[in-house]
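Reader: I've got a model open and I'd like to know how its labels were earned. Could you walk me through it?

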Amino acid sequence: CLNASFFGCDVDPRSLRAGRSYGDGVRYAAGDLQALPYLDGRFGAVLLFDVLEHLREPRQALREVHRVLEPGGRLHALVPCEGQRGSLHWLLGWLRLGGGLKERHSGHIQRFTRRGALRLLVETGFSVERVSYSVHPIGQIKDILSYVEQEAWFRRWHLDNPLYRCLMRILWGASYLESNLLFKETPLGALALHVTARKGPAP
């Protein structure tokens with residue numbers, strides 16, 4: 001039996017209401033990742049899933065995570081690396097063909113590389129313990145199409161097309177197989193970085 005308490009934090013009141021509606025015992029608080037409403041050393045672990053790329057000051061957010069972790073506490077983060085050379089997202093940006101889709105539709109204002117994301121962790125006092133990868137080429141096609149769907153011209157044209165919906169279901173399954181069962185230890189062609197890091201001394 002896991003003896004642990006779970007906390008959630010978000011700046012969006014709608015997200016907080018949605019989380020509280022599950023009634024799963026998680027304690028939610030309104031707060032900014034760059035100024036967390038928690039005491040120093042409060043947590044044994046922190047999970048960040050698809051967060052840092054939304055922030056203008058990701059370094060400050062990681063300093064806050066470092067602050068609220070107990071000595072030796074762990075951070076696990078998923079970081080999309082849309083500036084990673086060789087990814088389809090990087091290629092679209094280089095070709096100036098929809099490279100701003102994710103910034104426009106979901107606020108991805110940072111375009112990390114894997115090296116840059118790992119360096120940022122080290123510079124904010126973390127020791128990287130493990131990395132793995134996801135969103136390989138099939139997943140990137142699915143990801144890009146899911147954002148193209150939000151363009152007004154596409155919604156008028158293809159969104160309800162049954163062949164397109166079937167294609168997306170196939171891509172979802174193939175991307176899961178690709179990244180979770182086959183290539184999660186393979187950085188080549190991957191977009192997303194999964195990293196586990198331990199809190200070290202404050203930088």
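Author: Below we go through one helix pair and two pockets; keep in mind that the model is predicted.

Reader: Why is H3 called oblique to H6?

Author: The axes of H3 (residues 88-95) and H6 (residues 137-148) cross at roughly 55°. Angles under 35 degrees count as roughly parallel and 65 to 115 as roughly perpendicular. The crossing of roughly 55° fits neither range, so H3 is oblique to H6.

Reader: How do you know that H3 and H6 meet?

Author: Contact means heavy atoms within 4.5 Å. By that test, Leu88, His89 and Leu92 in H3 meet Pro137, Gln140, Ile141, Asp143 and Ile144 in H6. Those residues split into 5 nonpolar, 2 polar and 1 charged. Asp counts as charged, so the charged one is Asp143.

Reader: What makes up the lining of the largest pocket?

Author: That pocket has a volume of about 940 Å³, and 31 residues line it, with Phe7, Gly8, Cys9, Val46 and Leu47 closest to its centre. Strands E1, E3 and E4 and helix H2 each give two or more residues. E3 gives the most, with 7. By class, the lining has 20 nonpolar, 6 polar and 5 charged residues.

Reader: And which element gives the most to the lining of the second largest pocket?

Author: H8, with 5 residues. The second largest pocket has a volume of about 500 Å³, and its lining has 9 nonpolar, 8 polar and 5 charged residues. Among the residues closest to its centre are Ser134 and Lys142; Lys counts as charged, so Lys142 goes in the charged class.

Terms used: Residues are numbered from 1 along each chain as its sequence is written. This is a predicted model: local features need pLDDT of at least 70, side-chain atom pairs count only at pLDDT 80 or more; totals for chains, interfaces and linings use all residues. Side-chain values use heavy atoms; hydrogens and water are left out. Axes are lines fitted to C-alpha atoms, for helices over the stretch in contact, and angles run from 0 to 180 degrees between N-to-C directions. Helices (H or I, at least four residues) and strands (E, at least two) are DSSP runs, numbered from the N terminus. Angles under 35 degrees count as roughly parallel, over 145 as roughly antiparallel, 65 to 115 as roughly perpendicular and the rest as oblique. On a 1 Å grid over the protein atoms alone, a cavity is a set of points where a 1.4 Å probe fits but cannot get out, and a pocket is an open set with protein on both sides within 12 Å along at least five of seven lines; lining residues have an atom within 4 Å of a point. Grid points are joined across faces, edges and corners, and a volume is the space filled by probe spheres set on the points.
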